[in-house]
Amino acid sequence: MKGLVRFLVGRPAVGSLLAALSRGRAAIFMLHRFTDRIDGPADAHNIDVLRERLAYLRRHGYDVIDLATLVHRLSEPAPRLYKTVVFTVDDGYRDFFDLAAPVFAEFGYPVTVFVATGFIDGDSWNWWDKVEYMLTHRPPPTATLTVGKEQVTVDLTEPLRQEHWHQYLCSKLKTISNNDKLAALADWAQVLDTMIPSRAPDDYSPMTWLQINQAAASGVKFGPHTVTHPILSQVDDADSASEILQSWARLQEACPDGAVPIFCYPNGDRGSFGDREIATIRDSGFMAAMAAEPGYADPSIVKSDPGAPFAIPRMSYSDDRAAFIQVVTGLERLKMAWRS
């Protein structure tokens, strides 16, 4: 069945017919890292493939719009949504500026980037990158690490094993409080005899504010993504509000021409934020907030609170052609309904 679906979505005529499924809703893509190498990082999107996907959207007449424009449309009595696609990028890595921004500009397609402002300022770097750094920079063959109340013996003798343990340990860190997470990282650095740099190394470096403003001048929009990228449900009330509000204040100060009042939750699943965060965002005048739960954006998400959607779903972007076409045509909606 999967093979049949992949074959069908690859046929131009079938893709055009399936596009009718997209009427009344929009596909919002979520991306993070980019590479121009065939053997680039596993979590990075190949920039040549991205160019091919944007070319596909242009050839087939898709309506690629700005995220803020979509939010406004969702509140209209009869939203103009047909073959509508939106692109968002999380975190603010430099590879967006170096690789992806020129490709979006080449097609004249808008994109919204959500930045963790402390990362951009150089005051912090992403905790999952720190885990990868410790596991791959001259680690011992094996080590016993403590995660919460659990002890795990990791085998770091091969790159594939390092990648496996990176994914496993990150999944465990997502289940504990932010303070315990920071304590675990400090403990692992000692066990692995690794000095974690205070600023992000080149492989994990963020954009600068100068680069952000240059991108904004070419039409890229930027939204806040907290200051230090904690999972908000794992911090106390004061820290949750501070992460949201300070990141927005810093973004407006540093990039006034490109800042949009749309927030993006770190991690983004429904367990990573709740009514507390939604109330802070709504009361602070944001127009919307983005989650990372899969789904299409349609007018139903604003019916309970017109004009103020605070958990808009997004689709993970895939380099796989069939998976991409399934999403933009709306076929993925049928698959999601079937699964549920």
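Which residue forms a salt bridge with lysine 172? Select lysine 172 and glutamate 150: the closest N and O atoms of this salt bridge are 3.5 Å apart. Lysine 172 lies in helix α8 (residues 159-173) and glutamate 150 in strand β8 (residues 150-155), so the pair ties together parts that are 22 residues apart in sequence. Lysine 172 is partly exposed, at 25% relative accessible area, and glutamate 150 also counts as partly exposed, at 29%. The model on screen is a predicted one.

**Whole chain**

Zoom out to the full protein before going on. A cartoon view should show 14 helices and twelve strands. Along the principal axes, the C-alpha atoms fill a box of roughly 55 × 45 × 40 Å. The radius of gyration is 20 Å, which agrees with the value near 20 Å for a compact globule of 340 residues.

Colour by relative accessibility next. Of the 340 residues, 53% count as buried. The accessible surface comes to about 15,600 Å², and carbon and sulfur atoms account for 53% of that area. For a contact map, take residue pairs at least 6 apart in sequence: 71% of the contacts among them join residues at least 24 apart.

**Helix α4**

Select residues 67-74, which form helix α4. Six of the eight residues in this helix are buried, so the helix is largely enclosed by the rest of the structure. The buried residues are Leu67, Ala68, Leu70, Val71, Arg73 and Leu74.

Now add the strands around the helix. The buried residues of α4 pack against β1 (26-31), β4 (63-64) and β5 (84-91), among others. The list also includes β6 (112-115), β10 (262-264) and β11 (288-290).

At the start of α4, show aspartate 66 and alanine 68. A side-chain oxygen of aspartate 66 comes to within 3.0 Å of the backbone nitrogen of alanine 68.

**Asparagine 126 and aspartate 129**

Move to asparagine 126, in the loop between α6 (117-121) and α7. Is this residue buried or exposed? Asparagine 126 is buried, with a relative accessible area of 2%. Its side chain makes a polar contact of 3.0 Å with the side chain of tyrosine 93. Apart from neighbours within four places in sequence, asparagine 126 is in contact with Tyr93, Phe119 and His229.

Continue to aspartate 129, in helix α7 (residues 127-136). Which side chain of opposite charge is nearest to aspartate 129? It is arginine 33, 4.7 Å away. A salt bridge requires the nitrogen and oxygen to be within 4 Å, and aspartate 129 has none although it is buried.

Show tryptophan 128 as well: its side chain and that of aspartate 129 make a polar contact (3.4 Å). Beyond its neighbours within four places in sequence, aspartate 129 is in contact with Tyr93 and Tyr204. Keep Tyr93 displayed for both stops, as Tyr93 is in contact with asparagine 126 and with aspartate 129.

**Charged pairs**

Side chains of opposite charge can pair when their charged atoms come close. Across the whole structure there are 14 salt bridges. Two further examples follow.

Select glutamate 253 and arginine 250. Their salt bridge has its closest N and O atoms 2.7 Å apart. Both residues sit in helix α11 (residues 237-254), three residues apart, which puts about one helical turn between them. An α-helix has 3.6 residues a turn, so residues three or four places apart point the same way. Glutamate 253 counts as exposed at 56% relative accessibility, whereas arginine 250 is partly exposed at 25%.

Then select Asp48, Arg51 and Glu106, which salt bridges with shared partners join into one network. Within that group, glutamate 106 and arginine 51 meet in a salt bridge of 3.2 Å, N to O. This pair links distant parts of the chain: glutamate 106 is in helix α5 (residues 94-107) and arginine 51 in helix α3 (residues 47-59), 55 residues apart. Glutamate 106 has a relative accessible area of 47% and is partly exposed. Arginine 51 counts as partly exposed too, at 29%.

Note on methods:
Residues numbered from 1 in each chain as written. Predicted model: local features only at pLDDT ≥ 70, side-chain atom pairs only at ≥ 80, totals over all residues. Heavy atoms only, no water. Helix = DSSP H or I, 4+ residues; strand = E, 2+ residues; numbered from the N terminus. Buried < 20%, exposed > 50% of the residue type's maximum accessible area, 1.4 Å probe, protein only. Lys, Arg positive; Asp, Glu negative; His and termini not counted. Polar contact = N/O pair within 3.5 Å; in protein donor to acceptor, adjacent residues only side chain to side chain. Contact = heavy atoms within 4.5 Å. Rg over C-alpha atoms; globule rule 2.2 N^0.38 Å. Areas by Shrake-Rupley, 256 points an atom, 1.4 Å probe, with all protein chains shown as cover.
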